[in-house]
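Colleague: I should like to learn how helix packing and charge pairing are read from a set of coordinates. Could you take me through an example?

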Amino acid sequence: MLKIDGHDNAVLGPACIWRNQGRHEVLVYDAEVIRVNLMREGMNSEEAREYIEYNIEGAYMGDDTPVLVWPQDEWMEE
């Protein structure tokens, strides 16, 4: 399983997902915890979220790419 360096405290646990017609075990991360980690390093909240969206969520590292969840976000259905 691939890990996101420096954010072990954000791991929620493993998950089995289907990608590219195969079953893969990946790590699931709490994106809010990663954001707090980045803010401790000097980013503001908006910068940290943008960093996560572009550099982590946007980085496909193969079938074992970790999954991020945003537990505090609200989903708006119309």
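Modeller: The discussion below takes helix packing and then salt bridges, in what is a predicted model.

Colleague: How do the axes of helix α1 and helix α2 cross?

Modeller: Two packed helices are described by the distance between their axes and the angle between them. Here the axes of α1 (residues 31-40) and α2 (residues 45-56) come within 9 Å, crossing at roughly 120 degrees. Since angles from 65 to 115 degrees count as roughly perpendicular and only those over 145 as roughly antiparallel, α1 is therefore oblique to α2. The crossing is right-handed.

Colleague: Which residues make the contact?

Modeller: On the α1 side they are Ala31, Ile34, Arg35, Leu38 and Met39, and α2 contributes Ser45, Ala48, Arg49, Tyr51, Ile52 and Ile56. By class, this contact comprises 8 nonpolar, 1 polar and 2 charged residues.

Colleague: How many salt bridges does the whole structure hold?

Modeller: Side chains of opposite charge can pair when their charged atoms come close. A search of the whole structure yields 3 salt bridges. Within α1, Glu32 pairs with Arg35 at 2.6 Å, N to O; these residues are 3 apart, about one helical turn. Within α2, Glu53 pairs with Arg49 at 2.9 Å, and these two are 4 residues apart, again about one turn. Asp8 and Lys3 also form a salt bridge, at 3.4 Å.

Colleague: Are Glu32 and Arg35 buried or exposed?

Modeller: Buried means under 20% relative accessible area, so Glu32 at 13% is buried, as is Arg35 at 15%. By contrast, Asp8 at 46% is partly exposed, Lys3 at 48% is partly exposed, and Glu53 at 37% is partly exposed.

Key. Residues are numbered from 1 along each chain as its sequence is written. This is a predicted model: local features need pLDDT of at least 70, side-chain atom pairs count only at pLDDT 80 or more; totals for chains, interfaces and linings use all residues. Side-chain values use heavy atoms; hydrogens and water are left out. Axes are lines fitted to C-alpha atoms, for helices over the stretch in contact, and angles run from 0 to 180 degrees between N-to-C directions. Angles under 35 degrees count as roughly parallel, over 145 as roughly antiparallel, 65 to 115 as roughly perpendicular and the rest as oblique. A crossing is left-handed if the near helix is turned anticlockwise from the far one by less than a right angle, and right-handed if clockwise. Contact means heavy atoms within 4.5 Å. Ala, Val, Leu, Ile, Met, Phe, Trp, Tyr, Cys and Pro count as nonpolar, Asp, Glu, Lys and Arg as charged, and the others, Gly among them, as polar. A salt bridge is a side-chain nitrogen of Lys or Arg within 4 Å of a carboxyl oxygen of Asp or Glu. Buried means under 20% relative accessible area, exposed over 50%, partly exposed in between (1.4 Å probe, protein chains only).
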